[in-house]
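Biologist: I should like a close look at one part of this structure, namely the charged side-chain pairs and the strands around them. Please treat the matter as one connected account.

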Amino acid sequence: MVLFMALASIAFATPDAELASYELGGDVLAIAVGQSSESGEETSRAVFLDSLGEVYLLDGETWAVSSHPSPCEITNDIALWQGSQSLVFMACGDGTIGWLELSESGSLTSTADNTFSISESSIEQLVVDETCVWSASQENSQVAVSCFDPELFEIGAGPYTTGRSGINHLAQTDSHLVILHGGDDLTKLDKSSGTGATNEDNLSGRDFIDAASDGSNALFLIDDGGAVAKYRLTTNDYQVVLNESDDLEELSSIAMEVESEDSWLAISESQLHEV
């Protein structure tokens, strides 16, 4: 599969962009982006997981690409974490999480002991914050979410469980985790206590598949039709902000930039190959 990458900065309403393409072994299943620190310098990184279980690392400064096999036999998701060291985490089908180290030279390396057992079920989704690698797995009729401490290499919190099954997507804000169960149902979990609340509003057959945080108390959700809904954690309700009448259809992913002076959303349409 050929992967096309573009990095753009927004300034004076005119984006400066660079474009590059790379030949990968299989289809891209997951992408994670973030900052890593080598020799005291922050560098933008992107990691990709392909359908053959290979993990690719893209250096945002040099555009160099390196790769390394995943430590998992089956890998479902990836996440990039930066703490005392830079680590790429993988959600494994055998209920473990695995990781690769990012060396000072910018390459991916593995150690002999680089997996940790989280669940008896497949780990489906990962998100990371400053202190946790959060993993979600399907446990019988509910979803279990656990915190793996990447500094101590042990369970830091959880497992927290939901009253519903199904994992379409795992998202987060500073204080909460949000599990999209399928359809228009979701559960929010407090990161500190595990206290949960489920929203089962009827939004006319919407099926939420991806989410992006506004950096505070709201998530923007997309369904695979053509709707963007704003979910407020404080009131546990939805507001549809864009839909098919805005010429959106077959949405596949969403991301939000909140660090710059002007926040903005990026939404992709799968069949039209448009953003």
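Modeller: Across the whole of this predicted model, a search finds four salt bridges. Side chains of opposite charge can pair when their charged atoms come close. Three of the pairs may be taken in turn, together with the sheet to which two of them lead.

In one of the pairs, Asp129 forms a salt bridge with Lys191, and their closest N and O atoms are 3.1 Å apart. This pair links distant parts of the chain: Asp129 belongs to the loop between strand E12 (123-128) and strand E13 (133-139), Lys191 to the loop between E18 and E19, and 62 residues separate the two. Lys191 counts as buried because its relative accessibility is 10%, and the limit for that class is under 20%.

Another pair is formed by Arg164 and Asp185, with closest N and O atoms 2.8 Å apart. Arg164 lies in the loop between strand E15 (154-161) and E16, whereas Asp185 is in strand E18, so this salt bridge ties together parts that are 21 residues apart in sequence. The two partners fall into separate accessibility classes: Arg164, at 28% relative accessibility, counts as partly exposed, while Asp185, with a relative accessible area of 13%, is buried.

Strand E18, which holds Asp185, is part of an open sheet of four strands in the order E16-E17-E18-E19, with antiparallel pairing. The edges of the sheet are strand E16 (169-172) and strand E19 (196-199), each of which pairs on one side only. On average, and with direction ignored, neighbouring strands in this sheet are turned by 20° against each other. Strand E18 spans residues 185-190 and is joined to E19 by four bridges, the two strands running antiparallel. Within this part, Leu189 stands opposite Gly196 of E19.

A further salt bridge is that between Arg232 and Asp237, whose closest N and O atoms are 3.5 Å apart. Both residues are partly exposed: Arg232 has a relative accessible area of 27%, and Asp237 has a relative accessibility of 26%.

As for the wider setting, the protein chain has zero helices and 25 strands. Of its 275 residues, 45% are buried. Among contacts with a separation of 6 or more, 39% are between residues 24 or more positions apart. The chain exposes about 13400 Å², of which carbon and sulfur atoms supply 46%.

Conventions:
Residues numbered from 1 in each chain as written. Predicted model: local features only at pLDDT ≥ 70, side-chain atom pairs only at ≥ 80, totals over all residues. Heavy atoms only, no water. Buried < 20%, exposed > 50% of the residue type's maximum accessible area, 1.4 Å probe, protein only. Contact = heavy atoms within 4.5 Å. Areas by Shrake-Rupley, 256 points an atom, 1.4 Å probe, with all protein chains shown as cover. Pairing = 2+ DSSP bridges. Axes fitted to C-alpha atoms, helices over the stretch in contact; angles between N-to-C directions. Salt bridge = Lys/Arg side-chain N within 4 Å of Asp/Glu carboxyl O.
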